Amino acid sequence: MRYAQNMNLNFLPIPRKVEYTSGICTLKETFNLINIDDITPQISLTLLESQLSSISQPQTNSPFTIRLSTHSDYQEQGYRLQILPDSITIEGGSALGVHYG
């Protein structure tokens, strides 16, 4: 485990902890955006889709998945970003945490 303060990461807010694993995640031409809890504000979803629009488009039958959800293990603004070869998962303590993730 490494601490984000010691790394040149371009994330805001800066993560408290970063853990690297093996593998490569390549964003596909399409992605399936799943808002598990239906609590993520539409503005966050629109922002995510617009930021990805130059390289990828939302499509419900895409095998590449971006999952958004809340989890009680995190503080309100806290989040966990997990990047795997076939998916990206953002879990937040609230809708704000998901937005930051």
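Modeller: Before we start, one definition: helices and strands here are DSSP runs, numbered from the N terminus. Keep in mind too that this is a predicted model.

Colleague: Fine. In what order do the elements of the protein chain run from the N terminus on?

Modeller: The order is β-α-β-β-β-β-α. That comes to two helices and five strands.

Colleague: How do I get a feel for the whole chain before zooming in?

Modeller: Start with burial and surface. The protein chain has 101 residues, and 30% of them count as buried. About 7,100 Å² is exposed, with carbon and sulfur atoms supplying 50% of that. Then look at contacts: among those with a separation of 6 or more, 46% are between residues 24 or more positions apart.

Colleague: Now the sheet pairing. Which strands pair with strand 5, and in which sense?

Modeller: Read each pair by its direction and its bridges. Strand 3, residues 65-70, pairs with strand 5 in the parallel sense over six bridges. Strand 4, residues 79-84, runs antiparallel to strand 5, and six bridges join them. Strands 4 and 5 also form a hairpin, with two residues between them.

Colleague: Can I check that residue by residue?

Modeller: Sure, pick some partners. On the strand 3 side, Leu 68 has Ile 90 of strand 5 as its bridge partner, and Ile 66 stands opposite Ile 88. On the strand 4 side, Arg 80 stands opposite Glu 91.

Colleague: What does strand 3 do with strand 1?

Modeller: Strand 1 and strand 3 pair in the parallel sense, over four bridges. Asn 35 stands opposite Leu 68 there, and Leu 68 is also the bridge partner of Ile 90 in strand 5.

Colleague: How many residues of strand 5 are buried?

Modeller: Six of its six, residues 87-92, so to speak a clean sweep given that buried means under 20% relative accessible area. Take the faces one by one: Ser 87, Thr 89 and Glu 91 are buried on one side, and Ile 88, Ile 90 and Gly 92 are buried on the other.

Colleague: What's the general idea behind a nonpolar core?

Modeller: In soluble globular proteins, nonpolar side chains tend to be buried together.

Colleague: And which residues make up the largest nonpolar core here?

Modeller: There are 11: Phe 31, Leu 33, Leu 45, Leu 48, Leu 52, Phe 64, Ile 66, Leu 68, Ile 88, Ile 90 and Val 98. Strand 1, helix 1 (42-52), strand 3 and strand 5 each supply at least two residues of this core. Helix 1 gives the most, with three.

Colleague: Let me try single residues. Is Ser 94 buried or exposed?

Modeller: Compare the relative accessible area with the cut-off. Ser 94 has 15%, and buried means under 20%, so Ser 94 is buried. Ser 94 sits in the loop between strand 5 and helix 2 (95-100). The side chain of Ser 94 also reaches the backbone oxygen of Glu 76, at 2.6 Å.

Colleague: Why does Thr 21 count as exposed?

Modeller: Same test, other end of the scale. Thr 21 counts as exposed because its relative accessibility is 60%, and exposed means over 50%. Thr 21 lies in the segment before strand 1 (30-35).

Colleague: Where should I look for a pair that is separated in sequence?

Modeller: Stay with Thr 21 and set the two distances side by side. Thr 21 and Ile 83 are 62 residues apart in sequence, yet 9.4 Å apart in space, C-alpha to C-alpha.

Key. Residues numbered from 1 in each chain as written. Predicted model: local features only at pLDDT ≥ 70, side-chain atom pairs only at ≥ 80, totals over all residues. Heavy atoms only, no water. Buried < 20%, exposed > 50% of the residue type's maximum accessible area, 1.4 Å probe, protein only. Pairing = 2+ DSSP bridges. Contact = heavy atoms within 4.5 Å. Areas by Shrake-Rupley, 256 points an atom, 1.4 Å probe, with all protein chains shown as cover. Core = buried A, V, L, I, M, F, W, Y, C linked by side-chain atoms within 4.5 Å. Polar contact = N/O pair within 3.5 Å; in protein donor to acceptor, adjacent residues only side chain to side chain.
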